[in-house]
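Biologist: Could you walk me through this one? I'll ask, you explain, and we'll keep it casual.

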Amino acid sequence: MQKYTRTARSLHWLMAAGIIGLFALGVWMRELDYYSPYYEPAPYWHKSIGIVMVLLFALRIVWRYLNPPPAPLAHHQAWEKKLAHAMHLFFYVALALVFISGYLIATADNRPVPVFGLLELPPLFTPFDGQEDIAGEVHEYAAWSVIVAALLHAAGAIKHHVIDKDSTLRRML
Amino acid sequence: MKKFIAASAISLGLFSAPLFAAENYTIDTKGMHAFVEFKISHLGTSWLKGRFNDFNGTFSYDDKTPANNKVSVTIKTASVDTNHAERNKHLRSKDFLDTDKFPEAKFESTKVEKTGAKTANIYGKLSLHGVTKDIVIAATEVGAGNDPWGGFRRGFEGTTTLKLKDFGINYNLGPASETVEMHLNIEGIRQ
(Lines give C-alpha, C1' and ligand atoms only; values in the text may rest on other atoms or scores of the structure.)
Protein backbone atom coordinates (compact mmCIF):
# COMPACT_ATOMS: atom_id res chain seq x y z
CA MET A 1 0.00 0.00 0.00
CA GLN A 2 1.34 3.39 -1.00
CA LYS A 3 0.55 5.88 1.77
CA TYR A 4 0.46 9.65 1.62
CA THR A 5 3.73 11.12 2.88
CA ARG A 6 4.04 11.59 6.63
CA THR A 7 3.99 15.39 6.09
CA ALA A 8 0.84 15.22 3.96
CA ARG A 9 -0.88 13.03 6.57
CA SER A 10 0.13 15.34 9.42
CA LEU A 11 -1.10 18.38 7.52
CA HIS A 12 -4.37 16.63 6.65
CA TRP A 13 -5.23 15.70 10.24
CA LEU A 14 -3.94 18.92 11.79
CA MET A 15 -6.10 20.90 9.42
CA ALA A 16 -9.08 18.59 9.89
CA ALA A 17 -8.91 19.16 13.65
CA GLY A 18 -8.23 22.87 13.25
CA ILE A 19 -11.01 23.51 10.77
CA ILE A 20 -13.67 21.56 12.67
CA GLY A 21 -12.53 23.25 15.88
CA LEU A 22 -12.64 26.70 14.29
CA PHE A 23 -16.10 26.04 12.92
CA ALA A 24 -17.41 25.02 16.34
CA LEU A 25 -15.62 27.94 17.97
CA GLY A 26 -17.07 30.31 15.38
CA VAL A 27 -20.65 29.13 15.90
CA TRP A 28 -20.26 29.10 19.68
CA MET A 29 -18.58 32.49 20.12
CA ARG A 30 -21.34 34.33 18.26
CA GLU A 31 -23.88 33.17 20.82
CA LEU A 32 -21.84 34.16 23.86
CA ASP A 33 -23.30 36.48 26.43
CA TYR A 34 -21.47 39.78 26.81
CA TYR A 35 -20.60 38.79 30.38
CA SER A 36 -19.14 35.44 29.40
CA PRO A 37 -15.42 35.30 30.28
CA TYR A 38 -14.90 33.98 26.73
CA TYR A 39 -16.66 36.88 24.99
CA GLU A 40 -13.41 38.74 24.44
CA PRO A 41 -10.82 35.93 24.07
CA ALA A 42 -12.88 33.61 21.84
CA PRO A 43 -12.67 35.77 18.68
CA TYR A 44 -8.98 36.31 19.44
CA TRP A 45 -8.39 32.55 19.49
CA HIS A 46 -10.53 32.13 16.40
CA LYS A 47 -8.42 34.65 14.48
CA SER A 48 -5.11 33.31 15.80
CA ILE A 49 -5.88 29.68 14.98
CA GLY A 50 -7.32 30.83 11.66
CA ILE A 51 -4.04 32.42 10.64
CA VAL A 52 -2.19 29.23 11.65
CA MET A 53 -4.57 27.35 9.34
CA VAL A 54 -3.73 29.74 6.51
CA LEU A 55 -0.04 28.93 7.00
CA LEU A 56 -0.71 25.18 7.06
CA PHE A 57 -2.88 25.58 3.97
CA ALA A 58 -0.09 27.33 2.07
CA LEU A 59 2.42 24.74 3.25
CA ARG A 60 0.09 21.97 2.16
CA ILE A 61 -0.32 23.32 -1.36
CA VAL A 62 3.43 23.73 -1.77
CA TRP A 63 4.01 20.21 -0.36
CA ARG A 64 1.40 18.72 -2.67
CA TYR A 65 3.02 20.42 -5.64
CA LEU A 66 6.50 19.12 -4.73
CA ASN A 67 5.31 15.66 -3.58
CA PRO A 68 2.34 14.56 -5.71
CA PRO A 69 -0.10 12.34 -3.78
CA PRO A 70 -0.13 8.59 -4.48
CA ALA A 71 -2.06 7.46 -7.55
CA PRO A 72 -5.72 6.55 -6.98
CA LEU A 73 -6.41 2.89 -6.22
CA ALA A 74 -6.46 0.85 -9.44
CA HIS A 75 -9.89 -0.70 -8.89
CA HIS A 76 -11.63 2.65 -8.36
CA GLN A 77 -14.12 3.65 -11.03
CA ALA A 78 -13.41 6.66 -13.22
CA TRP A 79 -16.39 8.54 -11.72
CA GLU A 80 -15.13 7.81 -8.20
CA LYS A 81 -11.75 9.31 -9.02
CA LYS A 82 -13.38 12.31 -10.64
CA LEU A 83 -15.69 12.84 -7.70
CA ALA A 84 -12.89 12.54 -5.16
CA HIS A 85 -10.78 14.93 -7.20
CA ALA A 86 -13.62 17.45 -7.52
CA MET A 87 -14.19 17.26 -3.75
CA HIS A 88 -10.52 17.95 -3.01
CA LEU A 89 -10.56 20.91 -5.39
CA PHE A 90 -13.74 22.17 -3.72
CA PHE A 91 -12.01 22.04 -0.32
CA TYR A 92 -9.15 24.18 -1.54
CA VAL A 93 -11.43 26.79 -3.13
CA ALA A 94 -13.90 26.94 -0.23
CA LEU A 95 -11.12 27.11 2.35
CA ALA A 96 -9.41 29.90 0.44
CA LEU A 97 -12.73 31.78 0.52
CA VAL A 98 -13.09 31.22 4.25
CA PHE A 99 -9.56 32.47 4.88
CA ILE A 100 -9.83 35.55 2.68
CA SER A 101 -13.27 36.54 4.00
CA GLY A 102 -12.17 35.96 7.60
CA TYR A 103 -9.17 38.18 7.06
CA LEU A 104 -11.41 40.84 5.48
CA ILE A 105 -13.80 40.83 8.47
CA ALA A 106 -10.94 41.22 10.93
CA THR A 107 -9.28 44.01 8.93
CA ALA A 108 -12.48 45.85 7.95
CA ASP A 109 -11.42 49.00 9.71
CA ASN A 110 -7.72 48.81 9.22
CA ARG A 111 -7.04 46.78 12.35
CA PRO A 112 -4.37 44.07 12.19
CA VAL A 113 -5.18 40.40 12.83
CA PRO A 114 -3.61 39.10 16.05
CA VAL A 115 -1.77 35.77 16.04
CA PHE A 116 -1.49 34.60 19.67
CA GLY A 117 0.19 37.85 20.65
CA LEU A 118 3.26 36.69 18.73
CA LEU A 119 2.72 38.83 15.69
CA GLU A 120 0.05 40.80 13.95
CA LEU A 121 -0.98 40.45 10.35
CA PRO A 122 -1.48 43.98 9.00
CA PRO A 123 -4.41 44.99 6.80
CA LEU A 124 -3.20 44.82 3.21
CA PHE A 125 -6.11 46.43 1.39
CA THR A 126 -7.99 49.67 1.78
CA PRO A 127 -11.34 48.58 3.22
CA PHE A 128 -14.35 48.85 0.91
CA ASP A 129 -17.86 49.93 1.91
CA GLY A 130 -19.76 47.27 3.83
CA GLN A 131 -16.67 45.04 3.93
CA GLU A 132 -17.42 43.43 7.28
CA ASP A 133 -20.99 42.60 6.20
CA ILE A 134 -20.16 41.16 2.78
CA ALA A 135 -17.11 39.29 4.06
CA GLY A 136 -19.23 38.06 6.98
CA GLU A 137 -21.79 36.48 4.66
CA VAL A 138 -19.12 34.85 2.51
CA HIS A 139 -17.33 33.57 5.61
CA GLU A 140 -20.46 31.97 7.02
CA TYR A 141 -21.62 30.27 3.79
CA ALA A 142 -18.13 29.15 2.79
CA ALA A 143 -17.50 27.72 6.29
CA TRP A 144 -20.77 25.78 6.22
CA SER A 145 -19.97 24.44 2.75
CA VAL A 146 -16.57 23.23 4.01
CA ILE A 147 -18.24 21.38 6.88
CA VAL A 148 -20.88 19.78 4.63
CA ALA A 149 -18.13 18.78 2.18
CA ALA A 150 -16.09 17.36 5.07
CA LEU A 151 -19.04 15.20 6.14
CA LEU A 152 -19.41 13.84 2.59
CA HIS A 153 -15.62 13.37 2.38
CA ALA A 154 -15.64 11.43 5.68
CA ALA A 155 -18.68 9.38 4.61
CA GLY A 156 -16.80 8.43 1.43
CA ALA A 157 -13.69 7.43 3.36
CA ILE A 158 -15.71 5.30 5.79
CA LYS A 159 -17.64 3.70 2.93
CA HIS A 160 -14.34 2.70 1.28
CA HIS A 161 -12.98 1.37 4.56
CA VAL A 162 -16.04 -0.51 5.82
CA ILE A 163 -17.99 -1.52 2.72
CA ASP A 164 -15.36 -1.73 -0.04
CA LYS A 165 -12.67 -2.77 2.47
CA ASP A 166 -9.96 -1.04 0.42
CA SER A 167 -6.99 1.03 1.56
CA THR A 168 -8.42 4.51 0.74
CA LEU A 169 -8.66 5.56 4.38
CA ARG A 170 -5.61 3.66 5.62
CA ARG A 171 -3.40 5.55 3.16
CA MET A 172 -4.15 8.69 5.13
CA LEU A 173 -3.69 7.17 8.63
CA MET B 1 -59.16 86.40 -20.22
CA LYS B 2 -55.54 86.92 -19.26
CA LYS B 3 -56.62 89.27 -16.51
CA PHE B 4 -59.14 86.77 -15.25
CA ILE B 5 -56.53 83.99 -15.02
CA ALA B 6 -54.14 86.32 -13.26
CA ALA B 7 -56.84 87.42 -10.83
CA SER B 8 -57.89 83.84 -10.01
CA ALA B 9 -54.30 82.82 -9.58
CA ILE B 10 -53.76 85.61 -7.09
CA SER B 11 -56.97 84.93 -5.17
CA LEU B 12 -56.28 81.19 -5.07
CA GLY B 13 -52.84 81.99 -3.82
CA LEU B 14 -54.23 84.17 -1.10
CA PHE B 15 -56.77 81.62 -0.05
CA SER B 16 -54.35 78.75 0.12
CA ALA B 17 -51.79 80.65 2.18
CA PRO B 18 -52.48 80.27 5.91
CA LEU B 19 -52.60 83.46 7.91
CA PHE B 20 -49.76 82.46 10.23
CA ALA B 21 -47.51 80.32 8.15
CA ALA B 22 -45.07 78.03 9.85
CA GLU B 23 -41.56 78.13 8.48
CA ASN B 24 -40.64 74.84 6.87
CA TYR B 25 -37.11 73.57 7.18
CA THR B 26 -35.16 70.71 5.68
CA ILE B 27 -32.51 69.27 7.92
CA ASP B 28 -29.15 69.97 6.32
CA THR B 29 -27.86 66.46 5.77
CA LYS B 30 -26.40 67.44 2.40
CA GLY B 31 -23.85 69.70 4.03
CA MET B 32 -24.10 67.51 7.15
CA HIS B 33 -24.84 70.07 9.78
CA ALA B 34 -26.79 67.52 11.73
CA PHE B 35 -25.80 64.69 14.04
CA VAL B 36 -27.69 61.80 15.54
CA GLU B 37 -25.40 60.57 18.26
CA PHE B 38 -25.77 58.25 21.20
CA LYS B 39 -23.86 57.17 24.23
CA ILE B 40 -24.19 54.09 26.37
CA SER B 41 -22.27 52.98 29.38
CA HIS B 42 -19.63 50.32 28.87
CA LEU B 43 -19.67 48.11 31.98
CA GLY B 44 -20.23 51.24 34.05
CA THR B 45 -16.62 52.24 33.48
CA SER B 46 -16.80 54.53 30.49
CA TRP B 47 -19.07 55.94 27.81
CA LEU B 48 -19.26 54.36 24.42
CA LYS B 49 -20.24 56.86 21.77
CA GLY B 50 -21.67 56.29 18.35
CA ARG B 51 -23.83 57.87 15.75
CA PHE B 52 -26.07 57.23 12.77
CA ASN B 53 -24.53 58.58 9.59
CA ASP B 54 -27.48 58.33 7.25
CA PHE B 55 -30.75 60.10 8.03
CA ASN B 56 -32.96 62.87 6.74
CA GLY B 57 -35.78 64.97 8.04
CA THR B 58 -37.79 68.14 8.10
CA PHE B 59 -39.29 70.41 10.70
CA SER B 60 -41.77 73.24 10.83
CA TYR B 61 -41.20 76.14 13.15
CA ASP B 62 -43.85 78.56 14.29
CA ASP B 63 -43.08 80.83 17.19
CA LYS B 64 -46.65 82.08 17.49
CA THR B 65 -48.70 78.93 17.04
CA PRO B 66 -47.00 76.06 18.87
CA ALA B 67 -49.45 73.59 17.33
CA ASN B 68 -47.78 74.21 13.96
CA ASN B 69 -44.40 72.99 15.22
CA LYS B 70 -43.47 69.62 13.79
CA VAL B 71 -40.46 67.38 13.42
CA SER B 72 -40.03 64.30 11.28
CA VAL B 73 -36.79 62.34 11.02
CA THR B 74 -36.01 59.02 9.33
CA ILE B 75 -32.80 57.20 10.19
CA LYS B 76 -31.18 54.39 8.21
CA THR B 77 -30.32 52.00 11.02
CA ALA B 78 -27.55 50.23 9.06
CA SER B 79 -25.51 53.44 9.15
CA VAL B 80 -24.72 52.94 12.85
CA ASP B 81 -21.08 53.83 13.42
CA THR B 82 -19.07 53.31 16.59
CA ASN B 83 -15.65 53.43 14.94
CA HIS B 84 -15.21 49.65 15.09
CA ALA B 85 -16.29 47.51 12.11
CA GLU B 86 -16.91 44.30 14.05
CA ARG B 87 -18.95 46.10 16.71
CA ASN B 88 -20.95 47.94 14.03
CA LYS B 89 -21.65 44.56 12.42
CA HIS B 90 -22.82 43.22 15.78
CA LEU B 91 -25.04 46.28 16.33
CA ARG B 92 -26.63 45.70 12.90
CA SER B 93 -27.28 42.03 13.72
CA LYS B 94 -30.33 40.39 15.28
CA ASP B 95 -28.83 40.94 18.75
CA PHE B 96 -29.47 44.67 18.46
CA LEU B 97 -30.93 46.73 15.61
CA ASP B 98 -31.66 43.85 13.20
CA THR B 99 -31.20 46.26 10.31
CA ASP B 100 -32.14 43.75 7.60
CA LYS B 101 -35.61 43.46 9.09
CA PHE B 102 -35.88 47.04 10.39
CA PRO B 103 -33.88 49.21 8.00
CA GLU B 104 -35.40 52.47 9.21
CA ALA B 105 -36.11 54.18 12.49
CA LYS B 106 -38.55 57.03 12.44
CA PHE B 107 -39.44 59.89 14.74
CA GLU B 108 -42.65 61.79 14.16
CA SER B 109 -43.58 64.55 16.58
CA THR B 110 -47.12 64.78 17.93
CA LYS B 111 -46.90 67.87 20.08
CA VAL B 112 -44.36 70.57 20.92
CA GLU B 113 -44.61 72.20 24.31
CA LYS B 114 -42.63 75.33 25.05
CA THR B 115 -40.84 75.19 28.37
CA GLY B 116 -38.89 78.43 28.12
CA ALA B 117 -37.82 81.16 25.74
CA LYS B 118 -35.46 78.81 23.91
CA THR B 119 -36.52 75.42 25.19
CA ALA B 120 -39.29 72.98 24.42
CA ASN B 121 -40.37 69.42 24.97
CA ILE B 122 -40.96 67.63 21.70
CA TYR B 123 -43.41 64.77 22.17
CA GLY B 124 -43.59 62.17 19.47
CA LYS B 125 -43.56 58.59 18.35
CA LEU B 126 -40.30 56.79 17.79
CA SER B 127 -40.40 53.62 15.70
CA LEU B 128 -37.30 51.54 16.29
CA HIS B 129 -36.69 47.83 15.93
CA GLY B 130 -40.35 47.32 14.98
CA VAL B 131 -41.64 48.96 18.17
CA THR B 132 -43.36 52.35 18.21
CA LYS B 133 -43.25 54.22 21.51
CA ASP B 134 -43.98 57.69 22.79
CA ILE B 135 -40.85 59.60 23.70
CA VAL B 136 -40.05 63.15 24.73
CA ILE B 137 -37.07 65.07 23.41
CA ALA B 138 -35.87 68.00 25.51
CA ALA B 139 -34.90 70.55 22.89
CA THR B 140 -33.06 73.85 22.99
CA GLU B 141 -32.85 76.30 20.15
CA VAL B 142 -29.19 76.99 19.51
CA GLY B 143 -29.58 79.82 17.05
CA ALA B 144 -31.08 81.07 13.83
CA GLY B 145 -30.09 83.49 11.14
CA ASN B 146 -29.04 84.16 7.60
CA ASP B 147 -26.21 82.05 6.31
CA PRO B 148 -23.55 83.64 4.07
CA TRP B 149 -24.96 81.93 0.94
CA GLY B 150 -28.44 83.42 0.75
CA GLY B 151 -30.28 80.97 2.95
CA PHE B 152 -31.81 81.07 6.39
CA ARG B 153 -30.97 78.46 8.99
CA ARG B 154 -32.24 77.43 12.38
CA GLY B 155 -30.64 74.90 14.68
CA PHE B 156 -31.61 72.84 17.70
CA GLU B 157 -30.03 70.55 20.18
CA GLY B 158 -32.00 67.78 21.83
CA THR B 159 -31.61 64.91 24.23
CA THR B 160 -33.65 61.92 25.21
CA THR B 161 -33.04 58.64 26.98
CA LEU B 162 -34.21 55.34 25.58
CA LYS B 163 -34.53 52.05 27.39
CA LEU B 164 -33.28 49.34 25.05
CA LYS B 165 -35.77 46.82 26.44
CA ASP B 166 -38.67 49.17 25.61
CA PHE B 167 -37.78 48.67 21.97
CA GLY B 168 -37.37 44.92 22.18
CA ILE B 169 -33.57 45.02 22.24
CA ASN B 170 -32.85 42.50 24.95
CA TYR B 171 -29.18 41.65 24.54
CA ASN B 172 -27.62 41.73 28.00
CA LEU B 173 -24.96 44.43 28.17
CA GLY B 174 -25.10 44.58 31.94
CA PRO B 175 -27.02 46.61 34.50
CA ALA B 176 -25.17 49.85 33.73
CA SER B 177 -26.01 49.65 30.03
CA GLU B 178 -29.77 49.30 29.87
CA THR B 179 -30.40 52.81 28.64
CA VAL B 180 -28.91 54.76 25.80
CA GLU B 181 -28.72 58.53 25.75
CA MET B 182 -29.51 60.15 22.45
CA HIS B 183 -27.93 63.45 21.59
CA LEU B 184 -29.38 65.20 18.57
CA ASN B 185 -28.08 68.25 16.77
CA ILE B 186 -29.99 69.44 13.78
CA GLU B 187 -29.70 72.46 11.56
CA GLY B 188 -32.52 73.20 9.16
CA ILE B 189 -32.44 75.29 6.01
CA ARG B 190 -35.64 77.25 5.51
CA GLN B 191 -37.43 76.26 2.32
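Biologist: Among contacts in chain B between residues at least 6 apart in sequence, what share joins residues at least 24 apart?

Modeller: Bear in mind that this is a predicted model, where local features need pLDDT of at least 70, side-chain atom pairs count only at pLDDT 80 or more, and totals for chains, interfaces and linings use all residues. Residues are numbered from 1 along each chain as its sequence is written, chains are lettered from A and ligands numbered from 1 in the order written, and side-chain values use heavy atoms, leaving out hydrogens and water. A contact means heavy atoms within 4.5 Å. With the pairs at least 6 apart as the base, those at least 24 apart come to 54%.

Biologist: In what order do the elements of chain B run?

Modeller: Helices (H or I, at least four residues) and strands (E, at least two) are DSSP runs, numbered from the N terminus. Chain B has two helices and 11 strands. Reading from the N terminus, the order is α-β-β-β-β-β-β-α-β-β-β-β-β.

Biologist: Which helix gives the most to the lining of the second largest pocket?

Modeller: On a 1 Å grid over the protein atoms alone, a pocket is an open set of points where a 1.4 Å probe fits, with protein on both sides within 12 Å along at least five of seven lines; lining residues have an atom within 4 Å of a point. Here 49 residues line the pocket, with Tyr4(A), His12(A), Ala84(A), His88(A) and His153(A) nearest its centre. In chain A, α1 (6-29), α2 (41-66), α3 (78-106) and α4 (131-162) each supply at least two lining residues. The top contributor, with 11 residues, is α3(A).

Biologist: Which residues of chain A lose the most area to chain B?

Modeller: The contact count is 15 residues of chain A with 16 of chain B. Buried area is the accessible area (1.4 Å probe) that two parts lose on being put together, summed over both, and between these chains that's about 1200 Å², with 45% from carbon and sulfur atoms. On chain A's side, 43% of what is buried comes from three residues together: Tyr34(A), Tyr35(A) and Glu132(A).

Biologist: Is Gly26(A) buried or exposed?

Modeller: Gly26(A) sits in helix α1 of chain A. Buried means under 20% relative accessible area and exposed over 50%, with partly exposed in between (1.4 Å probe, protein chains only). Gly26(A) has a relative accessible area of 13%, so it counts as buried.
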